[in-house]
Amino acid sequence: MNAPTDISMKTDDVLKVELEVFRRQHRDLDEAIHALQDKGTGDQLTIRRLKKQKLWLKDIIAMIEDRLMPDIIA
């Protein structure tokens, strides 16, 4: 979660790589959350922290996608 959120100075190639990394981390967190909930081994605080991190990643992914594929109304 220490990735810089200022994407204005990064090239599209760098953003594409970061996007894939963040998507993978998001999927991994989703799997971890489901595993903890299914097994009943995770405490609520841990699950809540993982969900917060997952939401942060979702926001970063959305920012990068907006930069790479701007929503231009023609």
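Me: Which helix does arginine 67 lie in?

Reply: Arginine 67 sits in helix H2. Bear in mind that we're looking at a predicted model.

Me: What makes arginine 67 count as partly exposed?

Reply: Its relative accessibility is 31%. Buried would need under 20% and exposed over 50%, so at 31% arginine 67 counts as partly exposed.

Me: What is arginine 67 in contact with, leaving aside its neighbours within four places in sequence?

Reply: Arginine 67 is in contact with Ile7, Ser8, Lys10, Asp12 and Leu15. For one of those, aspartate 12, the C-alpha separation from arginine 67 is 8.4 Å, with the two positions 55 residues apart along the chain.

Me: Lysine 10 is in that list. Why does lysine 10 count as buried?

Reply: The cut-off is under 20% relative accessible area, and lysine 10 comes in at 16%, so it counts as buried. Lysine 10 is found in the segment before H1.

Me: What makes the link between lysine 10 and glutamate 18 a polar contact?

Reply: The limit for an N or O pair is 3.5 Å. The side chains of lysine 10 and glutamate 18 are joined at 2.9 Å, within that limit.

Me: What does the secondary structure of the protein come to?

Reply: Two helices and zero strands. H1 covers residues 12–39 and H2 covers residues 44–68.

Me: How do you know that the span of H2 agrees with what a helix should give?

Reply: Take 1.5 Å a residue: the 25 residues of H2 should span 36 Å, and the end C-alpha atoms are 36 Å apart, so the two agree. H1 passes a similar check: with 28 residues, 40 Å is expected, and H1 reaches 40 Å from its first C-alpha to its last.

Me: What is found at the ends of the helices, after H1 and at the N-terminal end of H2?

Reply: Glycine 40 follows H1, and its phi is positive, near 75 degrees. At the N-terminal end of H2, aspartate 43 acts as the cap, with a side-chain oxygen 3.2 Å from the backbone nitrogen of leucine 45.

Me: Which residues of H2 are buried, and what covers them?

Reply: The buried ones are Ile47, Leu50, Leu57, Ile60, Ile61, Ile64 and Leu68. Helix H1 is included in what covers them. Going the other way, H1 has Leu15, Leu19, Phe22, Leu29 and Ile33 buried, and H2 is part of their cover.

Me: Why do residues three or four places apart in an α-helix point the same way?

Reply: There are 3.6 residues a turn, so residues at that spacing point the same way.

Me: Why does leucine 50 count as buried?

Reply: Leucine 50 has 18% relative accessibility against a cut-off of under 20%, so it counts as buried. Not counting residues up to four places away in sequence, leucine 50 touches Leu29, Ile33 and Leu36.

Me: Which residues have the most contacts inside the largest nonpolar core?

Reply: That core has 13 residues, and the ones with the most contacts inside it are Leu15, Leu19, Phe22, Ile64 and Leu68. H1 and H2 each supply at least two of its residues, and the largest share, seven residues, comes from H2. As for leucine 68, it touches Asp12, Leu15, Lys16 and Leu19, not counting residues up to four places away in sequence.

Me: Why is phenylalanine 22 called buried?

Reply: The value is 8% relative accessibility, which is under 20%, so phenylalanine 22 counts as buried.

Me: How many aromatic pairs are there, and what makes the pair of phenylalanine 22 and tryptophan 56 edge-to-face?

Reply: One pair. The planes of phenylalanine 22 and tryptophan 56 are 80 degrees apart, with 6.5 Å centre to centre, and over 60 degrees is edge-to-face. Phenylalanine 22 lies in H1 and tryptophan 56 in H2, so the pair ties together parts that are 34 residues apart in sequence.

Me: How does the radius of gyration of the protein compare with a compact globule of 74 residues?

Reply: Such a globule would be near 11 Å, but the protein has 15 Å. The C-alpha atoms fill a box of roughly 50 × 30 × 15 Å along the principal axes, and 20% of the 74 residues count as buried.

Methods
Residues numbered from 1 in each chain as written. Predicted model: local features only at pLDDT ≥ 70, side-chain atom pairs only at ≥ 80, totals over all residues. Heavy atoms only, no water. Helix = DSSP H or I, 4+ residues; strand = E, 2+ residues; numbered from the N terminus. Expected span 1.5 Å × (residues − 1). Buried < 20%, exposed > 50% of the residue type's maximum accessible area, 1.4 Å probe, protein only. Contact = heavy atoms within 4.5 Å. Polar contact = N/O pair within 3.5 Å; in protein donor to acceptor, adjacent residues only side chain to side chain. Core = buried A, V, L, I, M, F, W, Y, C linked by side-chain atoms within 4.5 Å. Phe/Tyr/Trp six-rings, centres within 6.5 Å; stacked < 30°, edge-to-face > 60°. Rg over C-alpha atoms; globule rule 2.2 N^0.38 Å.
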